[in-house]
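Open the structure in your viewer and keep the selection tool at hand. This tour tells you what to select at each stop and what is there.

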Amino acid sequence: MTAKLIKGKEIAEQIRAEIKQDVDSLKSEKGITPGLVTILVGENPASQSYVRAKQKTAHDLGYYSVQDNQPADISEEDLLALIEKYNQDEKIHGILVQLPLPKHVDEGKVLYAIDPDKDVDGFHPVNVGRMVVGEPAYLPCTPYGIQQMLIRSGTQTEGAEVVVVGRSNIVGKPIANMLLQKGEGANATVTLCHTRTKDLATHTKRADILIVAAGVPKAVTADMVKPGAVVIDVGVNEVGKTEEGKRILVGDVDFEPIKEVASAITPVPGGVGPMTITMLMLNTLQAAQKA
Ligand code: NAP
């Protein structure tokens, strides 16, 4: 058996087409254009490229998009004041502060300063709390994208054994929480694993749906996967460069052999990655619709 590929790139395109339609009607019926600001502090090349991609997508979808670049030595006080300015700006519905921030700035303080109603990254504790108790919230973009991939690929989550490898605040913990909620694309029985988990394979081998966000190439090998499982590989690991200087990326699972065991699997690149920015756009659209 060779696994079906769950192509995030195609699912993301589908969702973007739906967003575009909604943006057009929001503009024509209510005169509202979704507004997104991305704040970039310093000149980290990876952050610059993420922010460029977010701005380009926002622009392509017809958003009002602002890229606000700040020097690496901006004071915490000035950054907090800048966020407050965007909190008050009626044209801006979503505020994204690109992480990581320089060491002299308290990341927590900055994220907490964003108005929860404009927190389209879904990292503010108010939104995290709403998600955990099952109230409407801005969902963090990567887990939200994973859930949409499961729904749109026809993967049954209800009653499924889901095993998540990785307990970060941006992927592991939120996706585990989202999948155990009551509702569509959820109602699963969830196990969350990490580096202190005893005998990881005993858990992963039980999974109908295995979600791996460890940040380690080949953290999961074929002998750790139940035949017929659906495998979602969140990892993005650079393992070298091509002769042309392009980054060579691999995920967290041993793709080729697992493809022969699983029933479906996400590729890297072209899997979870393209979903993340798309869900950021969907959150921003929803913020504009609420406004
Ligand atoms: P992270 O903050 O480094 O967390 C990694 C988690 O995996 C930790 O909880 C760690 O356990 C656990 N872990 C690491 N190695 C393990 C192992 N061998 N067995 C069991 N658990 C293990 O990483 P992250 O931010 O969640 O990101 C994870 C991966 O996803 C990275 O490759 C990242 O680049 C990628 N990512 C992709 C997207 C996307 O849009 N595609 C978005 C976000 C992240 P401990 O807590 O015990 O240390």
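The stops below run from the sheet to the ligand. Bear in mind throughout that this is a predicted model.

**Stop 1: the open sheet**

Start with the strands. Colour strands 1, 11, 8, 7, 5 and 6, in that order: these six form an open sheet with parallel pairing. Now look at the edges. Strand 1 (4–5) and strand 6 each have a single partner strand, so one side of each is left without a neighbour in the sheet.

**Stop 2: strand 5 and its neighbours**

Select residues 161–165. This is strand 5, and four of its five residues are buried. Add residues 189–193 to show strand 6, which pairs with strand 5 in the parallel sense over five bridges. To find one matching position, pick Glu161: Thr189 in strand 6 stands opposite. How does the chain get from strand 5 to strand 6? Follow the path through helix 7, residues 172–179; this β-α-β crossover is right-handed.

Now add residues 209–212, which are strand 7. Strand 7 runs parallel to strand 5, and four bridges join the two. Pick Val163 here; its bridge partner in strand 7 is Leu210.

**Stop 3: Ile232**

Move to residues 230–233. This is strand 8, and Ile232 lies in it. Is Ile232 buried or exposed? Ile232 is buried, because its relative accessible area is 0%, and buried means under 20%. Try a distance next. From the C-alpha atom of Ile232 to that of Met178 is 15 Å, and the two residues are 54 apart along the chain.

**Stop 4: Thr197**

Go to the loop between strand 6 and helix 8 (200–204), and select Thr197 there. Thr197 has a relative accessible area of 19%. The cut-off for buried is under 20%, so Thr197 counts as buried. Show the side chain. The side chain of Thr197 reaches the backbone nitrogen of His194 at 2.8 Å. For another distance, pick Leu210: its C-alpha atom is 15 Å from that of Thr197, with the two residues 13 apart along the chain.

**Stop 5: a hairpin**

Select residues 237–241 and 247–250. These are strand 9 and strand 10, which pair in the antiparallel sense over four bridges. Pick Glu238, and you will find Leu249 of strand 10 opposite. Between the strands of this hairpin are five residues. Stop at Gly245, which takes a positive phi near 85°.

**Stop 6: the ligand**

Finish at the ligand and show its surroundings. How many residues surround the ligand? There are 21, and the closest are Arg167, Ser168, Thr195, Val236 and Thr276. Colour the shell by residue type: ten are nonpolar, ten polar and one charged.

Now check three side chains against oxygen atoms of the ligand:

- Arg167: a polar side-chain atom lies 2.7 Å from a ligand oxygen.
- Ser168: an N or O atom of the side chain is 2.5 Å from a ligand oxygen.
- Thr195: a polar side-chain atom lies 2.4 Å from a ligand oxygen.

Finally, turn on the surface. Taken alone, the ligand exposes 920 Å², and the protein buries 69% of that.

How values were computed. Residues are numbered from 1 along each chain as its sequence is written. This is a predicted model: local features need pLDDT of at least 70, side-chain atom pairs count only at pLDDT 80 or more; totals for chains, interfaces and linings use all residues. Side-chain values use heavy atoms; hydrogens and water are left out. A residue is near a molecule or strand if one of its heavy atoms lies within 4 Å of it. A polar contact is a pair of N or O atoms within 3.5 Å; within protein, one must be able to donate a hydrogen and the other to accept it, and residues adjacent in sequence count only if both atoms are side-chain atoms. Accessible areas come from the Shrake-Rupley method with a 1.4 Å probe; for residues, only the protein chains shown count as cover. Ala, Val, Leu, Ile, Met, Phe, Trp, Tyr, Cys and Pro count as nonpolar, Asp, Glu, Lys and Arg as charged, and the others, Gly among them, as polar. Buried means under 20% relative accessible area, exposed over 50%, partly exposed in between (1.4 Å probe, protein chains only). Two strands pair if DSSP finds at least two bridges between them. A crossover is right-handed if, with the strands pointing away from the viewer, the path from the first strand over the helix to the second runs clockwise.
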